[in-house]
Protein chains: 2
Amino acid sequence: MSSERILSIYGPGLLGGSLALAIQERAPGVRLRFWARRESAEVAIRARGIAADFFTNAIDAAAGASLIILCTPVETMAEQAAQIAKAQLAADCIVTDVGSVKGRVVQELTPILGHRFIGSHPMAGSEKTGIEAARADLFQNAACLLTPVAETRLADLERLRSFWKTLGCRLLEFTPEEHDAKVARISHLPHMMAAVTTLAALRDDPAAVTCVAGGFRDTTRIAGGDPGLWTGIASANRQALLAQLKSARDRLNELLHFIENADDVGLHQFLTEAKALRDTVPPPGKS
Amino acid sequence: MSSERILSIYGPGLLGGSLALAIQERAPGVRLRFWARRESAEVAIRARGIAADFFTNAIDAAAGASLIILCTPVETMAEQAAQIAKAQLAADCIVTDVGSVKGRVVQELTPILGHRFIGSHPMAGSEKTGIEAARADLFQNAACLLTPVAETRLADLERLRSFWKTLGCRLLEFTPEEHDAKVARISHLPHMMAAVTTLAALRDDPAAVTCVAGGFRDTTRIAGGDPGLWTGIASANRQALLAQLKSARDRLNELLHFIENADDVGLHQFLTEAKALRDTVPPPGKS
């Protein structure tokens, strides 16, 4: 991190804001920049006590930076990359992102940025959005999935690893395609299932909400996430997500079969297998 | 509560233990009793600092008590009720329970205990089990669903309401059938969906667990619950749960249709409706 003289964050939302807060705390020598589409974003950044140079011009925000992090919706990253490619980039400049999909992003950004682009995906977030919800400890103990490709230079990869470690992440590395299959399973599927459960429970009887307890609250929490953001993610990872949702339908049909046929032995086995797998999930803060 | 001279809890598990801890804290004048099937349970009760008279005879544990609370699995409650009916009961003795289903319980216990039995269902729990996980504040701010019937005496109902209010519950009242439909929706459905999501995500790729983040963790938390307990609940509330699971399958098919057909407008609408409904859930501790 000490070598990152200028770090430029594109998109001052929950993730971009949390990155800035974490960097201020853990790497105080770094000079921060923010790029946002709208001038009005600067007020919100200042309100969080972040000392950063502010740009609405995506070329100027990139000039001379050693690390550029795209914290914008995945469907707009190619547009920003095209601007970044026009800038006077530092010789050792790396560009990364925090997007939830990698296949499409790597495919779109590599032709524009070449070996400089290496995908990152810190598995941290919230159903809340915006810099108002940003937290300096958002990345602490989070898994961060990196997706180096054949063209990636080892020195760049090492610098990127070191950056995320500074923020408290534990690192995993996958090809972009492996990454998309994993997150379809672990992140995009649960998101969609939370929406399915919410609609199944409340669409026909919204008043049932008076009875909710911790189980419903936790199982459906992420259904409160931003619909636009998640439509973009699902759209960018359609095939992998589809496979997972079909697998969920198969499991649901398996369960329905046990319950319809009063097969309590089958149901007990189903729930026992689910518990055994759930019990392998490390508690928060443990890797 | 001041009128509850002797309060007898059947079943020293998570709920029974939490009840005892809460009563010790909030109604210190009450004399507590515990009934358990096994002698060995007494050690665990003492280890939690609970001062209670201990019984393994279900008749003796009931004699003279003003309030008896069944905190045993729903499928064994009729057996305990039959013993309780043989005891020298106090004239004003009320029997209630904390079971997750009410149709079957009320149907089985009313012929044995008559108007004395009034069903209760505090919507509080944990994926953890046993008195080791008991907490004095488990019922604070929890919804408690009461299911009085035509034979219920108003004075008894008022005493039962007052008891749960003392523990910090907010009360709702339903017929046993309405209760079962509500909890199938709000509690039993999410439990089964957590198991479905866990199996869909991890059965084919248990190693994907290294990538989990908060979304997966919350969405699947309750899949770590006791398989035996939940098989009993599902079995006792089969029809209402089946209706909810079929509704979940319909919603999942709706979602699959949008994703298969790249219908991002439909998907956005689906997620927006889910978010709007999820946003009506009061935060923990608010009613």
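**Two domains, two chains**

Let me begin inside one chain: the C-alpha centres of domain 1 of chain A and domain 2 of chain A lie 31 Å apart, and I should say at once that this is a predicted model. Domain 1 of chain A runs over residues 6-174, while domain 2 of chain A covers 179-278. Where these two domains touch, the contact draws 15 residues from domain 1 of chain A and 15 residues from domain 2 of chain A. On the domain 1 side, the elements that give two or more residues are helix H4 (103-113) and strand E7 (143-147) of chain A, and by class that side holds six nonpolar, five polar and four charged residues.

Now to the pair of chains. Chain B is superposed on chain A by a rotation of 180 degrees with 0.0 Å of shift along its axis, at an RMSD of 0.0 Å, and the two copies are thus related as by a two-fold rotation axis. In chain B, the C-alpha nearest that axis belongs to Thr219(B), which sits 2.0 Å from it.

How many residues does each chain give to the contact? The contact takes 80 residues from chain B and 80 residues from chain A. On the chain B side, the elements giving two or more residues include strand E7 (143-147), helix H7 (214-220) and helix H10 (264-278) of chain B, and the largest share, 19 residues, comes from H6(B). By class, this side of chain B has 47 nonpolar, 17 polar and 16 charged residues. Finally, 100% of the interface residues of chain B are also interface residues in chain A, so the copies meet through the same surface.

Key. Residues are numbered from 1 along each chain as its sequence is written. Chains are lettered from A and ligands numbered from 1 in the order in which they are written. This is a predicted model: local features need pLDDT of at least 70, side-chain atom pairs count only at pLDDT 80 or more; totals for chains, interfaces and linings use all residues. Domain bounds come from an automatic or database domain assignment. Two residues are in contact if their C-beta atoms, placed from the backbone, lie within 7 Å. Helices (H or I, at least four residues) and strands (E, at least two) are DSSP runs, numbered from the N terminus. Ala, Val, Leu, Ile, Met, Phe, Trp, Tyr, Cys and Pro count as nonpolar, Asp, Glu, Lys and Arg as charged, and the others, Gly among them, as polar. Copies are superposed by least squares on the C-alpha atoms of residues with pLDDT of at least 70 in both.
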